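Take a moment to look over the sequence and the model before reading on. The paragraphs below go through the ligand and the pockets in turn.

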Amino acid sequence: MIVRALILLLLFIPAIAIFARPAAKPGVQAQTFGTHEGKPITLYTLTNSHGVEVRVMNYGGIIVSIRVPDREGRFADVILGHDTLEGYIPNPPYLGAIVGRYANRIANGTFTLEGKTYRLPKNDGPNTLHGGTTRTFDRVVWDGEALKNGVAFMYLSKEGEEGFPGNLKVKVTYTLTDANAIIIDYGATTDKATPINVSQHSYFNLAGEGNGDILNHEVMINADRFTPVDKNLIPTGELRPVKGTPLDFTRPTTIGARINDNYEQLVLGRGYDHNFVVNRKPSQNDMVLAARVHEPTSGRTLEVWTTQPGIQFYTGNFLDGSVVGKQGHAYKRRYGFCLETQHFPDSPNHPDFPTTILKTGEVFHETTVFRFSAK
Ligand code: BGC
């Protein structure tokens with residue numbers, strides 16, 4: 001009797017899990033998440049008509065969670081992060097954050113622009129990583145504004161902040177569509193020429209955050225070339241064909257299949273930590289599919305579309321379990337992967353790379369889409 005009751009209960013758990021979800025109304029809801037530097041931090045919950053739910057906040061423009069269904073309709077949060085605002089302060093792995101002014105690395109924390117040499121704070125050996133040390137996009141309070149299906153975040157990065165020239169006005173909007181897509185739109189203007197490279201640093205685990213490593217995920221990256229790095233993870237300048245290397249993801253391959261190969265680039269990155277050159281016809285300035293990731297046990301699939309020329313594939317090699325996130329989950333090595341659409345690392349020191357210099361009167365505009373499905 002008891003056994004039968006237990007079996008019945010077990011059979012119904014998935015159903016309970018689905019139906020227990022409150023039928024949240026599609027739209028945007030704002031709630032207080034705390035304060036930082038005396039400013040209110042708001043958590044915005046974006047919900048679509050399928051019950052997909054994205055939570056973002058104006059601290060660091062951080063994506064706090066994304067709840068999407070698996071092939072059976074069971075929802076899970078696929079984003080590594082924290083339950084509270086305090087968890088994110090500090091946030092050494094940049095979990096979920098907008099990164100800038102310059103996402104990725106600038107060699108020796110220096111570049112020369114219009115005859116002037118600029119020096120930035122170094123936070124990654126000899127380099128500047130993700131814009132510096134103090135007032136970087138991931139750890140400042142943005143102004144937030146709820147929209148119909150999304151939220152807009154605005155930030156004025158003042159002249160000289162983290163050593164960069166010009167007052168840079170930045171706007172990032174997140175929109176959730178009924179096609180289970182999150183559209184991330186970046187805009188910026190400046191009053192003096194400055195480098196800019198912005199990206200989104202979410203760590204995904206499509207089996208659900210905290211659910212082990214991501215080595216079984218199957219990855220396709222639409223890139224025939226990548227930018228090899230030196231021992232400081234700075235691009236050498238070469239655009240190397242992926243063909244015949246463990247960085248060839250032109251056909252779907254599991255992350256774990258080759259990650260420990262004795263290939264110099266994987267040894268330097270301690271796994272995948274490389275910028276791929278997104279395949280694009282010369283006429284294509286618009287959005288292309290940059291990557292697709294499929295997790296076979298849940299069936300969840302993530303597609304990344306972008307207008308940006310590069311995508312950094314980072315397999316959480318530096319996570320070491322010291323960051324304890326949602327529900328006490330310790331995020332260990334390779335418990336999440338990032339697909340950071342961006343311009344190439346260290347572009348200000350590589351005149352051959354697509355330019356990252358935004359001039360006065362120009363408008364910076366890039367778009368990236370994270371689209372979810374399950375099969
Ligand atoms: C970089 C990694 C770095 C990580 C920090 C990534 O964008 O490629 O090398 O360790 O950010 O969280």
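How far is an oxygen atom of the ligand from an N or O atom in the side chain of glutamine 312? In this predicted model, the distance between the two is 3.2 Å. Glutamate 340 also brings a polar side-chain atom to an oxygen atom of the ligand, at 2.6 Å. For histidine 130, a polar side-chain atom and a ligand oxygen atom are 3.0 Å apart. On its own the ligand has 310 Å² of accessible area, and the protein covers 94% of it.

These three side chains belong to a list of residues around the ligand, which also includes Pro93, Tyr94, Arg105, His201, Tyr203, Asp273, Tyr314 and Phe318. Sorted by class, the shell has five nonpolar, three polar and three charged residues.

Next comes the space that holds the ligand. The ligand takes up the largest pocket, whose volume is about 370 Å³. Its lining is made of 22 residues, and those nearest the centre are Pro92, Pro93, Tyr203, Tyr314 and Phe318. Of the residues in this lining, 10 are nonpolar, seven are polar and five are charged.

A further pocket can be found elsewhere in the list of open spaces. The second largest pocket holds about 250 Å³. It has 16 lining residues, with Arg280, Gln284, Gln308, Pro309 and Pro354 lying nearest its centre. The lining of this second largest pocket consists of six nonpolar, six polar and four charged residues.

Key
Residues are numbered from 1 along each chain as its sequence is written. This is a predicted model: local features need pLDDT of at least 70, side-chain atom pairs count only at pLDDT 80 or more; totals for chains, interfaces and linings use all residues. Side-chain values use heavy atoms; hydrogens and water are left out. A residue is near a molecule or strand if one of its heavy atoms lies within 4 Å of it. A polar contact is a pair of N or O atoms within 3.5 Å; within protein, one must be able to donate a hydrogen and the other to accept it, and residues adjacent in sequence count only if both atoms are side-chain atoms. Accessible areas come from the Shrake-Rupley method with a 1.4 Å probe; for residues, only the protein chains shown count as cover. On a 1 Å grid over the protein atoms alone, a cavity is a set of points where a 1.4 Å probe fits but cannot get out, and a pocket is an open set with protein on both sides within 12 Å along at least five of seven lines; lining residues have an atom within 4 Å of a point. A molecule sits in a cavity or pocket if more than half of its atoms lie within 2 Å of its grid points. Ala, Val, Leu, Ile, Met, Phe, Trp, Tyr, Cys and Pro count as nonpolar, Asp, Glu, Lys and Arg as charged, and the others, Gly among them, as polar. Grid points are joined across faces, edges and corners, and a volume is the space filled by probe spheres set on the points.
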